[in-house]
Amino acid sequence: MTRSHDKKTGFTRRRFLQTSAATTAALAVSSFGFPYIAKAAPEKLIIPDAGGALRDAYLPSHYKGFTDKTGIQVQPSAYMGIAQLKAMVENQSWGQADIVVMAASEAAIAGTQGLVEPIDYGMIDRPAIMPEAANEFWVMTLVAASLMAWNTDVMNKEQAPKSWAEFFDLPNPPVVKGPRGLWKNAALVMDMAALGDGVAVKDLYPLDVNRSINALTRIRENIIWWEHGAQSAQMLVDNEVDFEFAWNGRVWTAAKQGGPVDYHFNQALLDGDAAVIPKGHPNKKWAMEFAAFMMTPEPQAALAELIPYGPTNTKANALIPEATQKVLPTGPDNFPETKFVDQSWWAEHGQSAYDAYNEWLLG
């Protein structure tokens, strides 16, 4: 057998393969050390998120940081729920999103429905991640508290609801009265409604959907719905509602800006944003690189300084000042008052819970 040889260059076939392998290996290390070929990087990643104050915090802490590391621009877009994600995956209409940052409960359902790619934990320091934040199909990028907030022009802390039972008018006569705001979504609302029907916090799961519906029915005439976090804060500031369920970061921002807003962490439910990669997406490698970046300590600590959502990477706590820890759901003074939402329950039973909620909503 003769050896392939280029007389002009002096390259044998073996030397060519050795040189090619070395070149490929050099190209296959990204700025994070992940095995992706740099020349294959897209110019941008489209990332639906919750918008408002949270996007304002994501922009410098996560989006700009990722661009600085990789040169890939991040283009945020409007929130994408599970129905939109399902339609995108089934139609392969990839121009809508490369990676989706959505409510963890919706991400849990998306995982069971085969709509998202598995998470590559070879790229994430999993032992450092809170157990509730690391799933086969999603990673929770922050910890938010769903809590009770109120308009301070209408009521003070002593007059405001102190439990979900008071919020949902379980005592007769009700302790608090007036219009109240709820997210127009089954997740979280069904959990807190069960507590509002008298279920003990320790017995919240498995969730009793019938009791959730019972509590919602009791206050139906007093509910004013909000559909995204920025709207919830504005409703409270504008006194469209006297009190409401809100995310702690949204009402903290409103109060910081001088709005008549206060809140507490008692019986707050913890969940957060979760990053998912649409099933079959052609940019899934780069989407995974972005998800891995979101799970590192530095951007999570930076986010907590901008909006008080706790980190899911426990190593970030060492980077967060004590004063900031006092307003985080994960802070040592607040965390004992809270309970994590059981995303495994939502993954298994979420569709039926959504069906029951939607039927009640339309009834």
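Student: Which residue in β8 stands opposite G181?

Tutor: G181 stands opposite E244 in β8. Strands of a sheet pair through backbone hydrogen bonds, either parallel or antiparallel. Two strands count as paired if DSSP finds at least two bridges between them. Here strand β6 (residues 180–183) and strand β8 (residues 243–247) pair in the parallel sense, over two bridges. The names refer to DSSP runs numbered from the N terminus: helices are H or I runs of at least four residues, and strands are E runs of at least two.

Student: What should be kept in mind about the model itself?

Tutor: The model is predicted: local features need pLDDT of at least 70, side-chain atom pairs count only at pLDDT 80 or more, and totals for chains, interfaces and linings use all residues. Residues are numbered from 1 along each chain as its sequence is written, and side-chain values use heavy atoms, with hydrogens and water left out.

Student: In what order do the six strands of the open sheet lie?

Tutor: The order is β7-β6-β8-β5-β9-β11, and the pairing is mixed. At the edges stand β7 (223–226) and β11 (339–340); each has a single partner strand, so one side of each is left without a neighbour in the sheet.

Student: How is the open sheet of three strands ordered?

Tutor: Its order is β3-β10-β4, with antiparallel pairing. The edges are β3 and β4 (139–140), each with a single partner strand, so one side of each lacks a neighbour in the sheet. Four bridges join β3 to strand β10 (residues 273–276) in the antiparallel sense, and M102 stands opposite A274 in β10.

Student: Which strands does α4 lie across?

Tutor: Helix α4 lies across β3, β4 and β10, and runs at about 110 degrees to β3. Such angles run from 0 to 180 degrees between N-to-C directions, and the axes are lines fitted to C-alpha atoms, for helices over the stretch in contact. Contact means heavy atoms within 4.5 Å. Likewise, α13 lies across β6, β7 and β9 (261–271), at about 125 degrees to β7.

Student: At what angle do α7 and α13 pack?

Tutor: Helix α7 (residues 209–218) and helix α13 (residues 343–362) pack at about 35 degrees, with their axes 11 Å apart. From α7, V209, I213, L216 and T217 meet W345, A353, A356, Y357 and W360 in α13. By class, this contact has eight nonpolar, one polar and no charged residues. Ala, Val, Leu, Ile, Met, Phe, Trp, Tyr, Cys and Pro count as nonpolar, Asp, Glu, Lys and Arg as charged, and the others, Gly among them, as polar.

Student: How much space lies in the largest pocket?

Tutor: A pocket is an open set of points on a 1 Å grid over the protein atoms alone, where a 1.4 Å probe fits and protein lies on both sides within 12 Å along at least five of seven lines; lining residues have an atom within 4 Å of a point. Volume is the space filled by probe spheres set on the points, which are joined across faces, edges and corners. The largest pocket holds about 740 Å³. Of its 35 lining residues, Y79, G81, E106, W183 and N185 are the closest to its centre. The lining divides into 16 nonpolar, 10 polar and nine charged residues, and its largest share, four residues, comes from α3.

Student: Which peptide bonds are cis?

Tutor: One cis bond joins N172 and P173, with omega about 5 degrees; P173 is in the loop between α5 (164–167) and β6. Another runs from Y205 to P206, with omega near 0 degrees, and P206 lies in the loop between α6 (189–196) and α7.
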